[in-house]
Amino acid sequence: MKKTILLSVAVLILSGCVKKNESTTDAQKSYIEALDDSIKNITSQIDSCNDMASSLQDKIGSLLPEFRAVSKAREVEGYMIFQGWENRYPLQSTGMVARLSESRQLELVAVLQGGNFDRIRVNVPSATAESETVAYDQALNYRQGGLNTVLFTGADADSIAKLIADNELNPITVTFLNGGKPTGTWRMAHDNAKMITMTYLLYSANKDQKRLEKESLKLGEKLKLLRKHQEAGKERVSKDESRQK
């Protein structure tokens with residue numbers, strides 16, 4: 001009688017263990033399937049990033065011949081400027097040019113003749129963009145020969161260049177400000193607007209391509225991790241199924 005009771009308990013325990021293993025295995029299989037969906041999704045994102053990056057590389061390749069690399073002994077570093085403007089810059093009168101540094105950073109260089117400024121505002125028929133203030137320091141904001149030259153970079157400069165690129169054929173006016181007060185205005189000619197537009201297009205394409213390449217690398221690392229988890233899950237399922245046989 002005692003032996004029969006012990007045997008019955010053993011059978012119940014074994015049955016419980018089998019059901020638990022079966023439940024764990026099913027859950028593990030569901031987890032693997034979920035990982036498989038995530039892997040397919042991330043793989044698709046990587047392909048999309050790579051396709052867009054490749055398209056941008058083609059765009060960059062088509063734009064680069066339109067630019068000239070300039071390196072002068074007086075300059076701290078070289079830069080790229082739209083063709084035809086390499087001989088028109090540095091400016092000798094009121095105006096503005098766009099160029100790309102050696103690291104492909106967008107730089108707007110504004111010049112005011114006969115006045116001083118530390119900020120610019122660009123107006124088109126339906127929008128306005130304004131730069132940050134660059135204090136007079138004889139470096140990024142310097143004065144020489146009756147000209148005040150200021151170099152603008154960063155997000156605000158990007159916004160100004162984009163506004164000009166989006167309105168290349170519209171009237172564009174630049175207002176020079178000093179301490180918040182207007183000290184001069186300048187109506188941008190079309191060839192000037194085209195030069196800034198082309199520079200912004202190259203800058204934007206290069207910036208987006210780098211962003212996509214970084215995103216692709218991040219997704220690639222995530223993909224490796226998911227595949228590692230998936231393989232580990234498959235091994236556990238295989239071992240569980242072997243034990244159940």
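**Exercise 1.** Find how much surface the protein chain exposes and what share carbon and sulfur atoms supply.

*Solution.* Start with the total: the protein chain exposes about 14500 Å² (Shrake-Rupley method, 1.4 Å probe). Next, the share: carbon and sulfur atoms supply 52% of that area. Keep in mind that this is a predicted model, where local features need pLDDT of at least 70, side-chain atom pairs count only at pLDDT 80 or more, and totals for chains, interfaces and linings use all residues. Residues are numbered from 1 along each chain as its sequence is written, and side-chain values use heavy atoms, leaving out hydrogens and water.

**Exercise 2.** Work out the strand order of the open six-stranded sheet, then say which strands stand at its edges.

*Solution.* First, a strand is a DSSP run (E, at least two residues), numbered from the N terminus, and two strands pair if DSSP finds at least two bridges between them. Now read across: the order is S1-S2-S3-S4-S8-S7, with antiparallel pairing. Strands S1 (67–70) and S7 (141–144) each have a single partner strand, so they're the edges, and one side of each has no neighbour in the sheet.

**Exercise 3.** Zoom in on strands S3 and S4: how many bridges join them, and which helix packs on the sheet?

*Solution.* Count first: six bridges join S3 (residues 95–101) to S4 (residues 106–113). Pick one residue, Arg-99, and you'll find its bridge partner in S4 is Glu-107. Then look for the helix (a DSSP run of H or I, at least four residues): H2 (residues 155–166) packs on the sheet, touching S3, S4 and S8 (147–152), with touching taken as contact, heavy atoms within 4.5 Å.

Methods:
Axes are lines fitted to C-alpha atoms, for helices over the stretch in contact, and angles run from 0 to 180 degrees between N-to-C directions.
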